[in-house]
Amino acid sequence: MVNTDLSVLSQTVGEALRERGWQLTTAESCTGGWIAQSITAVPGSSAWFQCGWVTYSNLAKQKLLGVPAECFDGPEAPGAVSQQTVLAMARGALKCCGADVAVASSGIAGPDGGSPGRPVGTVWLGWAMRSADSPAISSSARRFQFDGDRQAVREQSVCEALAGLLEIVNNQHTKG
């Protein structure tokens, strides 16, 4: 059952963050707060979850997370569902709340809204982390193409967001 997997994954992420003394924040669009909900369903998550934003509109992404208008304005703009936007969301969330690590989502869950270049099921996930020894923020993003209805696309997005977060936290831990 996928919800059990989400529960286990959320708990595992929480344990990894708690071991390191790190705080997490989320910046969500297509997942609508589901990442934060999965995290806060874990008892004791207040020890490692700081806050989350659901920035569904482009304006909210700009005003609340500092995503540059250039991501949305003009025919050459990358748009809301892009690497540039999801990375700006993750970095913006870190800057806004002072957490150590962030995860962000932006995508097209459907059933409409897709285009030939960005069909329904296209999701960008981004992660950002503060450097332990400097004010620098490192970040990465991945594009996914999920199958299924709106619920399935969103659920797969949450699973991949948490799995990516766990990978980043564990890899950072092994480096020192």
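Here are some notes on how the strands and helices of this predicted model fit together.

1. Start with the sheet. Five strands make an open sheet in the order β2-β1-β3-β4-β5, and the pairing is mixed. The edges belong to β2 and β5 (137–145), each of which has a single partner strand, so one side of each is left without a neighbour in the sheet. On average, neighbouring strands are turned by 15° against each other, ignoring direction.

2. If pairing is new to you, here is the background: strands of a sheet pair through backbone hydrogen bonds, either parallel or antiparallel. You can find both kinds here. β1 and β2 run parallel and are joined by five bridges. β1 and β3 also run parallel, again with five bridges. β3 and β4 (residues 122–130), on the other hand, pair in the antiparallel sense over seven bridges.

3. Want some residues to click on? Try V101 in β3, which has L24 standing opposite. On the β4 side, the bridge partner of V101 is M129. For the β1–β2 pair, look at A27, whose bridge partner in β2 is W53.

4. How much of β3 is buried? Six of its seven residues are, so β3 is largely enclosed by the rest of the structure.

5. Now add a helix. α4 packs on the sheet and touches β1, β2, β3, β4 and β5. The direction of α4 makes about 35° with that of β4.

6. α4 also has a helix for company. The axes of α3 (residues 58–65) and α4 (residues 83–97) come within 9 Å and cross at roughly 35°. This crossing is left-handed. Which residues meet there? From α3 they are K61, L64 and L65, and from α4 they are T85, A88, M89, G92, A93 and C96. Sorted by type, the contact has six nonpolar residues, two polar and one charged.

7. Stay with α3 for a moment and look at A60, K61 and L65, which are buried. These residues cover an arc of only 105° around the axis, which puts them on the same side of α3. So what do the buried residues of α3 pack against? The answer is β1 (24–28), β2 (49–54), α4 and β3 (101–107). Notice that K61 turns up twice: K61 is among the buried residues of α3, and K61 is also one of the residues that meet α4. Just after the helix, check the backbone at G66, where phi is positive at about 75°.

8. Next, a residue in a loop. S46 lies between α2 (34–40) and β2. Is S46 buried or exposed? Its relative accessibility is 66%, and the cut-off for exposed is over 50%, so S46 counts as exposed. S46 and G14 are 32 residues apart along the chain, and their C-alpha atoms are separated by 9.8 Å.

9. Finish with R154, in helix α5 (residues 150–174). Its relative accessible area is 19%, and buried means under 20%, so R154 counts as buried. What does R154 touch? Leaving out residues up to four places away in sequence, the contacts are C30, T31, G32, W34 and A109. Compare that with D100, which is 54 residues from R154 in sequence and 25 Å away in space, C-alpha to C-alpha.

Methods: Residues numbered from 1 in each chain as written. Predicted model: local features only at pLDDT ≥ 70, side-chain atom pairs only at ≥ 80, totals over all residues. Heavy atoms only, no water. Axes fitted to C-alpha atoms, helices over the stretch in contact; angles between N-to-C directions. Helix = DSSP H or I, 4+ residues; strand = E, 2+ residues; numbered from the N terminus. Left-handed = near helix turned anticlockwise from the far one by under 90°. Contact = heavy atoms within 4.5 Å. Nonpolar A, V, L, I, M, F, W, Y, C, P; charged D, E, K, R; others polar. Buried < 20%, exposed > 50% of the residue type's maximum accessible area, 1.4 Å probe, protein only. Arc of directions from axis to C-beta. Pairing = 2+ DSSP bridges.
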